[in-house]
Every structure is written in C-alpha cells, then in structure tokens.
Amino acid sequence: MTLPTDTETPSAESRPRRQKSGKKTARNVLLGFAAAVLVAGLIGGAYIFNLAQTFNSGTTKIDAAFPEESTRPQKAEPVNGTAAMNVLVMGSDTRGTADLDVDTQAATDQRADTLMLVHIPADRKNVYAVSLMRDLWVDIPGHGESKINAALALGGVPLMVQTVESLFQQRIDHVAMVDFEGFKGLTDAVGGVEVDVKIPFAPASGPMKGHFYEAGKQTLNGDEALAFVRERKSFSDGDYQRVRNQQAYMKAIISKTIARETLTNPVTVNSMVSAVSPFISVDKGFDAAAIGSLALGMKDLRANDTVMFTLPTLGTGTSADGQSIVVADTTAITDIAGALSKDQLGAYVTAHALEKGN
C-alpha cells in the first residue's frame, strides 16, 4: 500500500545524523495541546460546575479510543494508591469529527500533525511531555513500517494508540485530539498574545495571505495566531520552523492563561473553556470530573516542574518506497521505555541534561 505524503521535511541525507535534544529542541509545542485539554480542570475552582458542563457538552467523546485489550500493555501499578498516567495528545488542522468517525473509528485520510505522549508520574510532582515527530518511521501493528502519523489514517484512534503503546511498551490511559482552530478562539478570549517572531514571513495562501509577520515581538489576534502556527511553506526547513513557531505561540498563550488577572476573571475563564472545548475530542473517561481530579492532584505543580523534549532521532532519511522520513533512534526509545516502566522518566531527563520549565 502506498500512503499519501502530507509533510514537507528537509532533503534526505546519505547517512542519518543524530539530533540532540538540547535547549533549542528539548521544548516543543506539544505540551500546549495538553494544556488546552487540562485547562477546564486547572482553572476550575469556584466555577467548576458551569465549567464542567461547558467542557462536557462542548467536547466530542471518542467511544472507541483504545485497541483490543489483549494487544495492550498492563496498567501501571499504583504507588500509595495513585498510578502514573499517560495521555496521548494529537493535534491537527482538522477536528477528529470532520474526517474521523469517532463512533466506528473507521480508517480515513486523517493525519496527526502533532503527536505527544504526556507522562504524569505517580507522585504528581512533575509533568513530562515527549513529542514524536510526525514523520518518525516506525512499525504500525498489522501494517508494517510507515510514518507514525499514518496510523490514524490506517486504523483510526485505536491504531494510533496501539502504535504508541507498542513503541514504548506503555499503556495509554487517556486520549485527546485537539484542532488548531481552537487556539484562534482561545487567543481572542485572552485579548491576544505576544510572540517573538524569529523569521519574518508572509503566508502564501489562506485567510492571512499577504499579511507580513515582522521579526521581533508581535501581538497576534486569533486569526493571525492561527496562521502563524500553521505556516510551513515559507521556511526552508518546513515543519521544523513551524514547530518552533508553535512553541513560541504556546509559551505565550500558556503564560497569559495562567496569569492571575486571567484566572480571577470568571468571564475570561468561561470564554476560554467555551472557545477551546468544541475543538477537543477525548475518550469517554476523560471528562471534566476526571480532569478536575487530576488537576487537584497537581495543584502544587509550577511551570518549572514541567519538562518538554522531543524524542531523539537519527535525523532524516528515505524509506524504501521513496518517502522522506525521520529515522528512529532505537536506543533512545529503549531507554525512555525503560524509564517509563519504572516511573523514573525524571532520571532519564537528568541523565541527558534536558532542561526543565520554560
């Protein structure tokens, strides 16, 4: 089967080259998607009932989010009554209900533009977000080797979950799909966000065609922010710069979302949840009550307790059928899988000098 290619990656090199997860690559936009999913719980407080109703009624429920139980890793053992949690977060330019039947999970052409495994340790003292390049060449159960984002097209959410579970030999507890469109309303709800534009550009297509993004700090409204995080064709390294731009945007939106003046304004809080919820699809168990309970366990968490890093790779290459791919670093995958199995991902982060916080 020949899969459609939907990404632009740098030209393949004759030999893969190792990419280090250093300062510039360790942080990734992907935690932002988790932040969007968790926002209702994190800011619940006095507004919890209305916010829960807004979140539960606004989000789409994925009835069949997980593969057959016989194919899955075992649940993590609780520590002092609490188990570690893994959340698979997928981001795309098309909400799951548009191209993906969330009831039957039939295969479609839907792709995950952004993919992240969020690990929350049993002690709830940290959050780790491991981002996976969408062109990462892996084994997709029952379909052979392909880009990891093809799993969604081949078998819906259950196959994507099974693929990630097989990669790390870790059970996924919850799933969330988030559409970039949700960030447009979120940006406007908080009155715009200021981002630092590193490379100036003007989108060649789309609603913001011709709008020039000057280098330096710019305050973006919803439409401008959406175009900013989507653009890739204006850059020589395509998706890589798009991820950097998404990172810059997410740093800005998270900072503004958790600001005191935002969280103490019930109108703004309600607007944020209302703006984001319609663009989120979650498994049936990941409702406002579950998110609120998780947020309560993480109430002492601070920004510098979060760690974001990209799964190390061996650079780019070419598949046997001519696709430009990202070559998996099997040693890094094995090491991370081992750390996850012992709920000691923090030790892996320390050993590899990955940076905490912002």
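1. Helix H5, residues 150–168, spans only 18 Å between its end C-alpha atoms, whereas a straight helix of 19 residues would span 27 Å at 1.5 Å a residue. The model is a predicted one, and in it H5 bends by about 130 degrees at glycine 156, with proline 158 following within four residues. The helix is mostly covered, 18 of its 19 residues being buried, and after H5 comes glutamine 169, whose phi is positive, near 55 degrees.

2. The next point is the sheet. Its 7 strands form an open arrangement in the order S1-S10-S7-S2-S3-S4-S11, and the pairing is mixed. Which strands stand at the edges? They are S1 (60–62) and S11 (306–310), and because each has a single partner strand, one side of each is left without a neighbour in the sheet. On average, and with direction ignored, neighbouring strands of this sheet are turned by 20 degrees against each other.

3. Helix H5 and the sheet belong together in the picture, since H5 packs on the sheet and touches S1, S2, S3, S4 (127–132) and S7 (174–179). The direction of H5 makes about 140 degrees with that of S2.

4. As a general reminder, strands of a sheet pair through backbone hydrogen bonds, either parallel or antiparallel. Strand S2 (residues 85–92) and strand S3 (residues 114–120) pair in the antiparallel sense, over 7 bridges, and one place to look is asparagine 86, whose bridge partner in S3 is histidine 119.

5. Methionine 90 is a useful residue to follow, as it lies in strand S2. Is methionine 90 buried or exposed? With a relative accessible area of 2%, it is buried, because buried means under 20%. Setting aside residues up to four places away in sequence, methionine 90 touches ten residues that can be listed in full: Ala112, Thr114, Leu115, Leu152, Val157, Met160, Val175, Ala176, Met177 and Val178. Methionine 90 and isoleucine 280 are 190 residues apart in sequence, yet their C-alpha atoms are 9.9 Å apart in space.

6. A second hairpin-like region deserves its own paragraph. Strands S12 (residues 313–318) and S13 run antiparallel and are joined by 4 bridges, with glycine 317 standing opposite isoleucine 325 in S13. The hairpin of S12 and S13 has 5 residues between the strands, and in it glycine 322 takes a positive phi near 90 degrees. Of the 5 residues of S13 (residues 324–328), 4 are buried, so this strand is largely enclosed by the rest of the structure.

7. The structure holds 5 aromatic pairs. One of them is formed by phenylalanine 201 and phenylalanine 235, an edge-to-face pair with 5.1 Å from centre to centre and 70 degrees between the planes. This pair links distant parts of the chain, 34 residues apart: phenylalanine 201 is in the loop between strand S8 (193–197) and strand S9 (216–220), while phenylalanine 235 is in the loop between helix H7 (222–230) and helix H8 (239–257). Both phenylalanines, 201 and 235, are buried, and together with Tyr213 and Phe228 they form one aromatic cluster.

8. Finally, serine 277 has its place in the loop between helix H10 (266–276) and strand S10 (280–283). Serine 277 counts as buried, at 2% relative accessibility. Leaving aside its neighbours within four places in sequence, serine 277 is in contact with Thr54, Phe55, Gly58 and Thr59.

Definitions and conventions: Residues numbered from 1 in each chain as written. Predicted model: local features only at pLDDT ≥ 70, side-chain atom pairs only at ≥ 80, totals over all residues. Heavy atoms only, no water. Phe/Tyr/Trp six-rings, centres within 6.5 Å; stacked < 30°, edge-to-face > 60°. Helix = DSSP H or I, 4+ residues; strand = E, 2+ residues; numbered from the N terminus. Buried < 20%, exposed > 50% of the residue type's maximum accessible area, 1.4 Å probe, protein only. Expected span 1.5 Å × (residues − 1). Bend = angle between axes of the 7 residues up to and from the residue. Pairing = 2+ DSSP bridges. Axes fitted to C-alpha atoms, helices over the stretch in contact; angles between N-to-C directions. Contact = heavy atoms within 4.5 Å.
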